[in-house]
Amino acid sequence: MNQVLEDISRFIFLEDALREADVLFIPGNSSPEPMEQAVRLWKEGYAPLLCPSGRFSITRGQFEGPARKQALYPGPYATEWAFMADIGARLGVPPERILREDQATYTMQNAVFSRQVLDQAGVQVRRGLLCCKNYHARRAYMYYQYAFPEAEFTVCPVEVDGVSRENWFQTEDGIQKVMGELARCGQQFPDLIPGFAGEAQ
């Protein structure tokens with residue numbers, strides 16, 4: 001792979017070795033795979049709680065339903081959280097293990113509002129496990145690390161939309177998704193850099 005493409009891939013497609021955590025975090029989205037992944041990890045004992053987050057995309061103004069597997073998850077769902085909570089319930093997660101954050105409309109709110117929910121519940125997060133779309137991994141990680149500066153995050157992404165670290169540059173859709181994430185990282189994070197820099201001192 002060309003070195004430029006490899007550098008972009010390494011930055012965007014963040015992925016860590018699995019380790020146990022206090023909470024499984026799932027940023028809002030319409031794809032079932034991140035929540036399904038989180039449930040698998042919950043069943044394997046990686047964390048006792050799940051914290052899906054999301055109302056709907058701020059650009060759409062409503063939750064339009066699952067992007068895939070509509071027959072498995074027919075809804076209707078008012079929010080991304082309701083969609084993900086239903087996935088958890090259908091796959092055997094007790095409702096008390098699924099925390100509720102159903103107001104966020106973009107990724108920073110997913111992270112910050114999840115922090116508020118956990119603080120209100122009295123849950124201290126020393127380690128978090130982040131389940132998200134693979135090409136959303138870097139931006140999601142940066143926001144959740146910003147919201148939980150004292151915690152260590154493990155990123156466990158899942159492939160969606162046929163876009164992977166190995167093939168994203170081969171299709172127009174993959175290029176748009178990955179370069180869109182790269183652009184949003186540059187656009188959205190300048191104001192947060194002083195906070196990250198302060199932690200490093």
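**View 1. Helix α2 and its cover: β1, β2, α3 and β3 are among the things that cover the buried residues of α2.** This is a predicted model, in which local features need pLDDT of at least 70, side-chain atom pairs count only at pLDDT 80 or more, and totals for chains, interfaces and linings use all residues. Residues are numbered from 1 along each chain as its sequence is written, and side-chain values use heavy atoms, with hydrogens and water left out. Helices (H or I, at least four residues) and strands (E, at least two) are DSSP runs, numbered from the N terminus. Nine of the eleven residues in α2 are buried, so the helix is largely enclosed by the rest of the structure. Buried here means under 20% relative accessible area, exposed means over 50%, and partly exposed is in between (1.4 Å probe, protein chains only). Look for Met-35, Val-39, Leu-41 and Trp-42 among the buried residues, along with the charged names Glu-33 and Glu-36. After the helix comes Gly-45, with a positive phi near 85 degrees.

**View 2. Strand β1 sits between two partners, pairing with β2 and with β3.** Two strands pair if DSSP finds at least two bridges between them. β1 (residues 23-26) and β2 (residues 49-52) run parallel, joined by four bridges. β1 also pairs with β3 (residues 127-130), again in the parallel sense, over three bridges. To find the register, start at Val-23, which stands opposite Leu-49 in β2 and has Gly-128 as its bridge partner in β3. At Ile-26, the β2 partner is Pro-52. Follow the chain from β1 through α2 (residues 33-43) to β2 and you have traced a right-handed β-α-β unit. (Right-handed: with the strands pointing away from the viewer, the path from the first strand over the helix to the second runs clockwise.)

**View 3. Both faces of β1 and of β2 are buried.** In a regular strand the side chains alternate between the two faces of the sheet. In β1, Val-23 and Phe-25 point one way while Leu-24 and Ile-26 point the other, and all of them are buried. β2 tells a similar story: Leu-49 and Cys-51 are on one side, Leu-50 and Pro-52 are on the other, and all are buried.

**View 4. The largest pocket has a volume of about 890 Å³.** Rolling a probe the size of a water molecule over the atoms shows where empty space is left. A pocket is an open set of points on a 1 Å grid over the protein atoms alone, where a 1.4 Å probe fits, with protein on both sides within 12 Å along at least five of seven lines; lining residues have an atom within 4 Å of a point. Grid points are joined across faces, edges and corners, and the volume is the space filled by probe spheres set on the points. Of the 38 lining residues, Gly-28, Ser-57, Arg-60, Lys-133 and Arg-139 are the closest to the pocket's centre. Which helix gives the most to this lining? That would be α6, with six residues. α4 (107-121), α5 (137-147) and α6 (172-188) each supply at least two. The lining has 13 nonpolar, 15 polar and ten charged residues. (Nonpolar covers Ala, Val, Leu, Ile, Met, Phe, Trp, Tyr, Cys and Pro; charged covers Asp, Glu, Lys and Arg; the others, Gly among them, are polar.)

**View 5. Arg-139 is a residue of helix α5.** Arg-139 counts as buried because its relative accessibility is 10%. Beyond its neighbours within four places in sequence, Arg-139 is in contact (heavy atoms within 4.5 Å) with Thr-107, Glu-181, Arg-184, Cys-185, Gln-188 and Phe-189. For scale, the C-alpha atoms of Arg-139 and Glu-36 are 20 Å apart, with the two positions 103 residues apart along the chain counted as their separation.

**View 6. Asn-134 is found in the loop between β3 and α5.** Is Asn-134 buried or exposed? Its relative accessibility is 7%, so Asn-134 counts as buried. Not counting residues up to four places away in sequence, Asn-134 touches Ile-12, Phe-13, Pro-157, Val-158, Glu-159, Val-160, Val-163 and Ser-164.

**View 7. Backbone oddities in the loops include a cis peptide bond from Gly-75 to Pro-76.** Omega for that bond is near 5 degrees, and Pro-76 lies in the loop between β2 and α3 (80-90). Lys-69 has its place in the loop between β2 and α3 too, and its phi is positive, near 60 degrees, in a residue other than glycine. Lys-69 is partly exposed, at 35% relative accessible area. Asp-161, in the loop between β4 (152-155) and α6, is not a glycine either, yet has a positive phi of about 60 degrees. At 31% relative accessibility, Asp-161 is partly exposed.
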